Every structure is written in C-alpha cells, then in structure tokens.
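Please look at the sequence and the model below with one topic in mind, the salt bridges between charged side chains.

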Amino acid sequence: MEKIQLIKKKSKLLAMVIRNNYTCDGVDFITPSEYSQQVAYMHHPTGKVIDAHVHNLVHRNVVMTQEVLMIKKGKLRVDFYDDYEDYLESTVLESGDIILLVSGGHGFTVLEEVEMLEVKQGPYSGDADKKRFVGIGDSEVVYKDQSEA
C-alpha cells in the first residue's frame, strides 16, 4: 500500500491519505503551498532545536473548508464523491493514518470503534458549512488500489 495515497477524479485531487508507515527525515510539507490547510510531516533527532517563534498576522481569504482527520484508534471507511455528489471510491483509515480532505464530498462509516481528531478552518458555521446528501450503501463500496475490502 502506498505511504501517501492520492484520491482523484481525473486531475482534481479530492483527498490525501498519509499512512501510519510514512516517514522521512527533517520536514516534508506534503501539501502544496496554496492549500488553505497545510500538512507537514516532521522527523527530528533528539536534541534538535526548533527556534522559538510567534506567527505574524497575515490575512487569508479562505473560500472552501478543508479538513484533516487523524485516526487515534479504530477503523473508518471514507467514501469519496465529486462535487456533483457522484460516488468514486472508498478507502479505510486505521490507527495512525491521517487524511486531508481537499475537495469534493465525503461520507464515513465506522468499521471499528473510532477515536479521531478533526482540524479545519473556523469558525464553524453549522448547517451553513455543508450540504448533506444520501451516500452509498455497503453493497456499493469500491476499493481502488487497496487490499482492504
């Protein structure tokens, strides 16, 4: 299985899955700099000093919510849809996996009791923040490039 799995419809990226077994030395910004959510993997040796810092006030225009989910425990099936609510494929996230939901739609089914963290832009607007629709049933699940089923 790929350490970074890209979920796409044609050339449009819907999600990036960073698997638990991903590793590198130093800092690897996995996301492009224009994304409103930035995800970086960091691996530093004992004793490495990261300079103390504060972040400058920078005005940003965020027009679409991007979410990051971190799976602490369990298994979660993610179903991916395009902007027109058409189903594309599914993947299974396990303990230690991280996903950046970049665009399109998504739905979730808990396969094993899940504990996860979600990070996204705020403030959260409640129902104004999303459009709900009917997703697929279990018999319609398609896994691409995965050994899970």
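The report that follows describes some of these salt bridges and how accessible their partners are.

This is a predicted model, and the structure holds 9 salt bridges. Three of the pairs are listed here, including the distance between nitrogen and oxygen.

| Acidic residue | Basic residue | N to O distance |
|---|---|---|
| Asp82 | Lys9 | 2.4 Å |
| Asp83 | Lys12 | 2.3 Å |
| Asp97 | Arg19 | 2.9 Å |

In the salt bridge between Asp82 and Lys9, two distant parts of the chain are linked, since Asp82 lies in the loop between strand E5 (67–81) and strand E6 (87–94) while Lys9 belongs to strand E1 (residues 4–9), 73 residues apart. Asp82 counts as buried because its relative accessible area is 5%, which is under the 20% limit, whereas Lys9, at 31% relative accessibility, is partly exposed.

The salt bridge between Asp83 and Lys12 also joins distant parts of the chain, with Asp83 in the loop between E5 and E6 and Lys12 in strand E2 (residues 12–18), 71 residues apart. Asp83 is partly exposed, with a relative accessible area of 44%, and Lys12 is partly exposed as well, with a value of 39%.

For the salt bridge of Asp97 with Arg19, the partners stand 78 residues apart, Asp97 in the loop between E6 and strand E7 (98–101) and Arg19 in the loop between E2 and strand E3 (26–29). Both Asp97 and Arg19 are buried.

Finally, Arg77, Asp79 and Asp138 are joined into one network by salt bridges that share partners.

Conventions:
Residues numbered from 1 in each chain as written. Predicted model: local features only at pLDDT ≥ 70, side-chain atom pairs only at ≥ 80, totals over all residues. Heavy atoms only, no water. Salt bridge = Lys/Arg side-chain N within 4 Å of Asp/Glu carboxyl O. Helix = DSSP H or I, 4+ residues; strand = E, 2+ residues; numbered from the N terminus. Buried < 20%, exposed > 50% of the residue type's maximum accessible area, 1.4 Å probe, protein only.
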